[in-house]
Amino acid sequence: MERTVLKKRSGVHGLAGIVAAAAFAVALASATPGQTPAAPQPPAVAPLADLKVPAGFTVSVFASDLAGARLMTVSPDGVLLVARRRTNEVVALPDRDKDGTSEPRVLLTGLPNAHSLAFKDGYLYIATTPAVMRVRWANGGPVGEPEKFADLPSSTPAVHVSRTLAFGKDGRLYVSIGSSCNVCVEDDPRRTTIQVFNADGSNPQPYARGMHNAVGFDWDPQTGRMWANDTGQDGLGDDVPPDEINLIEAGKHYGFPFFIGRNQLNRVPELTGDHLIVRADTAVPPVLELPAHVTGIDLRFYTGTQFPAQYRNALFLALHGSSTIPVKVGYKVVRVVMKEGLPVGIEDFVTGWLKDGVVSGRPAGLATGPDGALYVSDDNKGFIYRIAYGEIKK
């Protein structure tokens, strides 16, 4: 199915009044007799004046009204697509009139916790909580209804319901699956892993284990190495444990839930009586420790040519921000500084979603667009931002 989402302009967004009026009409119609309808929520306003990027870069709003927007991909036709987890949808973001603002179209619905997308061999693949789904793609859109391609863990309740997928250079499908809990030994061995499937969906097996929630992963286009970010558990304090960036290699165990950080024993009551299935001298520590609770979501290498040379093949990470500790950290996009092919630190690339303790956005997805810009989804306020270089601000 397909439907069009009303397009908004920059500034106060030209359709804001129409949207608010429509929302009030719906509220009025649904109110019981004699009851005052709830006031409609005002449309979100992008904090463009607060967002800071390096010299020479610009940031603009490419799409609006997409609360729950998570990971993105580019179609074979050169159109940006986003998985909208909150509404279980896949949305296309074409910019037909080339004015720098998209005209969103809902392509698919009914996909539980739709989180990430990938194209391969004429199909669009969608990672949902219970399964990897796919639908044939032709003439710029889906053909028919999505079909199940592979089952995934869907136990409830579960702390982590997002699934991330991507196809490797070997043609196989990789899917990351986070823990069902804050910290525990999982009953389902597929959790806290990155699973790998043959191209036809057969022979699922763990490629790497022991990650709390490796939401974002990608391959270095220069070295072919696979990198993933990993979130840390809650409940140990504001500064512990560190979030991580890991070098992912076949058959390796990255320590969770038995170890945190650089293989310090995880002394929590939930693990009392459980036997270690990995030792500290065999668990793989992170290549780079990140501040605790910054909550990395998407991790992507920039593959365009629009950015300056020093940003070509750069690794970016969207820090969704803390939600379980009093001190707010994260809420920005960082560039992972690489030296001789290994991450050695991070530097700010887009900041400003956290100002004076107030959160105005939570970056989630990253994608290199067909125009060479870097696109950033904000699943909190529902914006898709476009980061470009050398363009004059409008």
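User: How many salt bridges does the structure hold?
Analyst: The model is predicted, and the salt bridges are computed from its atoms. A pair qualifies when a side-chain nitrogen of Lys or Arg lies within 4 Å of a carboxyl oxygen of Asp or Glu. By that criterion, the number of salt bridges in the structure is 16.

User: Which residue does Asp50 meet in a salt bridge, and where does that partner lie?
Analyst: Asp50 belongs to the loop between α1 (16-30) and β2. The side chain of Asp50 meets that of Lys355, with 3.0 Å from N to O. The pair links distant parts of the chain, 305 residues apart. The partner is therefore Lys355, and its place is strand β25 (residues 354-355).

User: Are Asp50 and Lys355 buried, partly exposed or exposed?
Analyst: A residue is buried under 20% relative accessible area and exposed over 50%, with partly exposed in between. Asp50 has a relative accessible area of 26%, and Lys355 has one of 44%. Because these values fall in between, Asp50 is partly exposed and Lys355 is also partly exposed.

User: With which residue does Glu249 form a salt bridge?
Analyst: Glu249 is partly exposed at 36% relative accessibility. Its salt-bridge partner is partly exposed at 32%. The closest N and O atoms of the pair are 3.0 Å apart, and the partner of Glu249 is Lys252.

User: Which strands are linked by the salt bridge between Asp348 and Lys332?
Analyst: The side chains of Asp348 and Lys332 meet at 2.9 Å, N to O. Asp348 counts as partly exposed at 45% relative accessibility, and Lys332 is partly exposed with a relative accessible area of 21%. The two residues are 16 apart in the chain, and their strands are β24 for Asp348 and β23 (residues 332-339) for Lys332.

User: Which residues are joined into one network by salt bridges that share partners?
Analyst: Some salt bridges have a partner in common, and these connect residues into a network. The residues joined in this way are Asp371, Arg386 and Glu391.

User: Which residues of the largest nonpolar core touch the most other members?
Analyst: In soluble globular proteins, nonpolar side chains tend to be buried together. The largest nonpolar core here has 22 residues. At least two residues of this core come from each of β2 (57-63), β22 (315-319), β24 (342-350), β28 (374-378) and β29 (383-389). The members that touch the most others are Phe307, Phe316, Val333, Phe349, Trp353, Tyr385 and Ile387.

User: How many residues make up the second, separate core?
Analyst: This core is separate from the largest one. Ala92, Leu108, Phe119 and Met133 are among its members. Its size is 16 residues.

User: Which residues does Phe349 touch, not counting residues up to four places away in sequence?
Analyst: Phe349 is one of the core members that touch the most others. Two further members of that group, Phe307 and Phe316, are among the residues Phe349 touches. The full set is Lys52, Val53, Pro54, Phe57, Phe307, Tyr311, Phe316, Val333, Val334, Arg335, Leu374 and Ile387.

User: How much space lies in the largest cavity?
Analyst: The count comes to two cavities of 30 Å³ or more. The largest cavity is lined by 15 residues, of which Asp230, Thr231, Gly232, Glu244 and Phe256 lie nearest its centre. Its lining divides into six nonpolar, six polar and three charged residues. The space in the largest cavity is about 100 Å³.

User: How much space lies in the second largest pocket?
Analyst: Of the 22 residues that line this pocket, Ala166, Phe167, Asp218, Arg300 and Thr303 are the closest to its centre. The lining divides into 14 nonpolar, five polar and three charged residues. The space in the second largest pocket is about 640 Å³.

User: Is Thr193 buried or exposed?
Analyst: Thr193 lies in strand β13 (residues 193-197). Beyond four places away in sequence, Thr193 touches Val175, Ser176, Ile177, Pro206, Ala208, Arg209 and Met211. Its relative accessibility is 3%, and the threshold for burial is under 20%, so Thr193 counts as buried.

User: What share of the residues in the protein is buried?
Analyst: The protein has one helix and 29 strands. It comprises 394 residues, and the buried share is 54%.

Key. Residues numbered from 1 in each chain as written. Predicted model: local features only at pLDDT ≥ 70, side-chain atom pairs only at ≥ 80, totals over all residues. Heavy atoms only, no water. 1 Å grid on protein atoms, 1.4 Å probe; cavity = no way out; pocket = protein on both sides within 12 Å on 5 of 7 lines; lining within 4 Å. Points joined across faces, edges and corners; volume = space filled by probe spheres on them. Nonpolar A, V, L, I, M, F, W, Y, C, P; charged D, E, K, R; others polar. Core = buried A, V, L, I, M, F, W, Y, C linked by side-chain atoms within 4.5 Å. Buried < 20%, exposed > 50% of the residue type's maximum accessible area, 1.4 Å probe, protein only. Helix = DSSP H or I, 4+ residues; strand = E, 2+ residues; numbered from the N terminus. Contact = heavy atoms within 4.5 Å.
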